[in-house]
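Open your viewer and keep the selection box handy. We will walk through a few stops together, one selection at a time.

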Amino acid sequence: MHTNANTSLAAVLVSLQHRESLVTDIQRTLTAFRAVGPQNAGPGEARKAAWIEEFLRGCGVTDIVHVDAPDPQAEGGLRPNLVATIPGTSTRALCLFAHMDVVPEGELSLWETDPWDVVQKGDLLYGRGVEDNQQALTSMLLLAKVLHETQTTPALTIRLVFISDEECGNTLGMAWLLDKRADLFPKDDLYIVPDSGSPSGTLMEVAEKSVFRFKCTVRGRQCHASTPGKGVNSLTVMARIITALDALHTAFPQENPLFDPPCSTFTPTKHEANVEGTNILPGQDVFWVDCRAIPGVEPEAVFAKAEEIITTVASRYGATASLERGYVIAASETAADAAVVMALTRALAAEGIAAESIGIGGSTVACLLRHRGLSACAWSTILNTCHEPNEHSSISATVRDAAVFARIALEEDAVQQGEQTGKEAGAQPGEQQ
């Protein structure tokens with residue numbers, strides 16, 4: 001074990017250099033497993049997880065916990081979730097997360113290469129999943145290998161978390177893991193989810209809008225289109241309702257500069273089919289509204305206001321309308337002075353990167369951590385080609401991300417901050433933390 005933190009870090013950073021071929025080999029192996037979930041007619045992640053575990057054991061990692069979720073539709077009858085621990089001099093941990101499942105290839109004719117056989121073009125690797133989320137996964141495996149090769153014990157314990165089912169809701173992945181083994185995730189650990197970011201590596205995602213939808217059904221009275229006076233046209237009433245729903249932006253005007261756009265958004269999206277004939281005045285129309293609300297705007301208040309709007313407008317034109325509320329993913333935000341934000345900012349600065357905190361309108365597994373009271377950042381250096389044909393990732397960015405993780409794990413300040421937090425908590429035994 002190295003006793004000098006600077007010497008250890010220098011050895012690790014040097015060892016990370018010139019690892020292009022290893023990154024390519026790992027990515028090629030991972031992609032070939034085609035770890036598409038059963039919901040998308042794939043086999044699941046079992047074989048991919050088995051290879052990851054074998055790789056880690058080859059790096060001297062022996063503390064690997066399975067928190068698998070049963071799924072009779074998946075190969076092997078389960079969805080694997082692995083938590084691998086590399087002990088540090090401190091029990092405080094840097095926790096890194098990667099999901100093993102990938103989306104299907106989509107329209108094959110749009111690909112210039114075989115999506116399941118990685119092709120290298122200079123610094124870029126092409127294939128399904130190479131960015132989402134195998135770039136992070138590869139950085140994590142690379143870090144484990146280099147620590148083993150250099151015989152380095154990090155200052156922080158490192159916890160590598162590999163989850164299933166991220167692309168289809170996390171029910172059998174991150175949510176399952178947190179429900180079954182919350183003890184693996186102490187409050188004072190540092191949580192980074194490398195599943196969001198920018199090509200420059202400057203953007204740290206520290207907040208997410210709430211994500212929810214509602215379905216609106218408008219009921220009029222069907223008749224022949226040549227005698228519109230006999231009916232109530234649900235399509236025209238629906239159009240008036242959609243226009244009236246712009247009032248949601250006025251009702252919820254709050255802004256947060258972390259986000260782009262900085263406000264909540266309420267966007268009509270899907271319109272379901274109504275009548276088949278063009279000479280039929282429709283008597284029922286159904287449409288959906290996608291909502292992304294900044295922290296502080298309550299989804300229940302949005303539902304209530306939307307329901308008020310649609311029923312008022314519908315009655316005005318002799319129709320009725322009802323609102324069906326969808327599942328809500330609550331908003332989440334990590335404090336600007338959270339330890340993980342500070343540690344990541346310092347590590348990026350050491351790599352010559354000026355960090356910028358942002359919020360997003362989408363959702364990552366970081367929100368599930370925040371909902372449990374755990375401060376989490378989503379960060380990586382990615383080109384944002386996920387789910388696209390010809391998805392690709394950068395080899396050099398994969399290596400640099402591993403270097404950023406190494407800087408955090410070997411940073412003595414992070415350990416000292418954790419010890420200070422523990423002392424402060426211990427000095428007030430009567431208080432709830």
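Is Phe405 buried or exposed? Select Phe405 and switch on the surface: this residue is buried, with a relative accessible area of 0%. Keep in mind along the way that the model is predicted.

Now widen the selection to helix H11, residues 395-409. Of its 15 residues, 13 are buried, so the helix is largely enclosed by the rest of the structure. Try the distance tool as well: the end C-alpha atoms of H11 are 22 Å apart, which agrees with the 21 Å expected at 1.5 Å a residue.

Next come the aromatic rings. Across the whole structure, a search finds 7 aromatic pairs. Start with Phe212 and Phe303: their ring centres lie 5.3 Å apart and their planes meet at 70 degrees, so this pair is edge-to-face. Phe212 belongs to strand E11 and Phe303 to helix H8, 91 residues apart, so the pair links distant parts of the chain. Phe212 is buried at 0% relative accessible area, and Phe303 is buried too, at 1%.

Go back to Phe405 and add Trp379. With centres 5.9 Å apart and planes at 85 degrees, these rings are also edge-to-face. Trp379 sits in the loop between strands E19 and E20, 26 residues from Phe405 in H11. Trp379 counts as buried, at 0% relative accessibility.

For a group of rings, select Phe97, Phe185 and Tyr191, which form one aromatic cluster.

Finish with two lysines over rings:
- Lys121 lies over the face of Tyr126, 4.8 Å from the ring centre.
- Lys180 has its charged end over the ring of Trp176, 4.7 Å from the centre.

Key. Residues numbered from 1 in each chain as written. Predicted model: local features only at pLDDT ≥ 70, side-chain atom pairs only at ≥ 80, totals over all residues. Heavy atoms only, no water. Helix = DSSP H or I, 4+ residues; strand = E, 2+ residues; numbered from the N terminus. Expected span 1.5 Å × (residues − 1). Buried < 20%, exposed > 50% of the residue type's maximum accessible area, 1.4 Å probe, protein only. Phe/Tyr/Trp six-rings, centres within 6.5 Å; stacked < 30°, edge-to-face > 60°. Lys NZ or Arg CZ within 6 Å of the ring centre and 35° of its normal.
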